[in-house]
Amino acid sequence: MSRAGEKYHFLFPSPPLPDHDAMDIRTRGDLIHWKESIDHLLVQSELADEFGFNAASAGEKDPDSGISVSSYQGITPHKIDLFEQRNSRYYRPGEISSCELWNIYFRPLVEAATEIVVVDKFAIHYLESADWLWRKMATTEGYPKNKERTLEILTSCPDKSRDKKSIGDQIKAANSYVEETLAKLDGFRSVRILWVPKDGWKRSIEGTTEKKRKIGRHDRNFRFDTRTLAITSGLEFVADPSCKDSQVTYRCQGDRQSQDFENLEREEGRLRAAAQRYSLRSQL
């Protein structure tokens, strides 16, 4: 789709039912099958009555599936811009507020998620600064509304003192915050932090460890079931969007860029295994 020379792309998910695609959706009752796959559905104007809204309006959100529905007639250029913004956007420091970051990116993903995983090597340093995010995640109603979420945070074991805190004190403070604050928030079924040793963040190419200049490269992303939000400046940017610039990119399983999702999922699995090995060694 294009407008005024600007190109937009939309993500097309795999159908949740065999031999069905989004073009088969004809009634509001059909939406429930697509609640994990679609955020916004565009329908022909003559179907607006069937979905319970005025074709000339901006549409409405279905209360059971959480899917927003509007017609081609009612969709606005602003809404199309919002879709493109959600796919990928670069932000300078202070260009987006915490409130906008939540409403544009996090809220739609949290609403549909049961499992939230944060992968950020430096998350340990910004856990409490991002307290606003954890609380919103815990209190946001989902679809269905009685859904409780799990939260896992994969971060690096500190390797030096910081802010006059020893390595042990930093780990103790982070564990305490997770266990005494986050785990007690209503809305989370469980919360835990997984410690990945420094060597665990190193990647391997063709059987050899990457050169030192590449060792520091790592993914910083949030996974919401089968959807991911990659944020180049990670939790530091989320805690205070005014202090850093960042690229924010959305991907989901089964879309045209599904390889990106699969790469992030594979990296998460590798880091999780490294954290489990570290935990076992620490208990010996």
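Begin with the open sheet of this predicted model. Select its 7 strands, which lie in the order 6-14-13-12-7-8-9 and show mixed pairing. At the edges are strand 6 (88–91) and strand 9 (188–196), each of which pairs on one side only. From one strand to the next, the twist averages 15°.

**Strands 7 and 12**

Select residues 115–119, which form strand 7, together with residues 221–224, which form strand 12. The two pair in the antiparallel sense, and 4 bridges join them. Within this pair, display Ile116: the residue opposite, in strand 12, is Phe224.

**From strand 12 to strand 13**

Keep Phe224 in view and add strand 13 (residues 227–231). In strand 13, Arg227 is the bridge partner of Phe224. Strand 12 and strand 13 are antiparallel, with 4 bridges between them. The hairpin that these strands form has 2 residues between the strands; select Asp225, which takes a positive phi near 55°.

Is strand 13 largely enclosed or not? Of its 5 residues, 4 are buried, so strand 13 is largely enclosed by the rest of the structure. The cut-off applied here for a buried residue is under 20% relative accessible area.

**On to strand 14**

Next, select strand 14 (246–252). Strand 13 and strand 14 run antiparallel and are joined by 5 bridges. Arg227, already displayed as the bridge partner of Phe224, stands opposite Cys252 in strand 14.

**Helix 2 on the sheet**

Now select residues 77–87, helix 2, which packs on the sheet. Helix 2 touches strand 6 and strand 14, and its direction makes about 80° with that of strand 6.

**Helix 2 against helix 3**

Add helix 3 (residues 98–111) to the selection. Two packed helices are described by the angle between their axes and by the distance between those axes. For helix 2 and helix 3, the axes come within 10 Å and cross at roughly 75°. Angles of 65 to 115 degrees count as roughly perpendicular, and helix 2 is therefore roughly perpendicular to helix 3.

To inspect the contact, show the side chains of Leu82, Gln85 and Arg86 in helix 2. These residues meet Asn103, Ile104, Tyr105 and Pro108 in helix 3. How do the residues of this contact divide into nonpolar, polar and charged? The contact of helix 2 with helix 3 has 4 nonpolar, 2 polar and 1 charged.

Technical notes
Residues are numbered from 1 along each chain as its sequence is written. This is a predicted model: local features need pLDDT of at least 70, side-chain atom pairs count only at pLDDT 80 or more; totals for chains, interfaces and linings use all residues. Side-chain values use heavy atoms; hydrogens and water are left out. Two strands pair if DSSP finds at least two bridges between them. Axes are lines fitted to C-alpha atoms, for helices over the stretch in contact, and angles run from 0 to 180 degrees between N-to-C directions. Contact means heavy atoms within 4.5 Å. Angles under 35 degrees count as roughly parallel, over 145 as roughly antiparallel, 65 to 115 as roughly perpendicular and the rest as oblique. Ala, Val, Leu, Ile, Met, Phe, Trp, Tyr, Cys and Pro count as nonpolar, Asp, Glu, Lys and Arg as charged, and the others, Gly among them, as polar. Buried means under 20% relative accessible area, exposed over 50%, partly exposed in between (1.4 Å probe, protein chains only).
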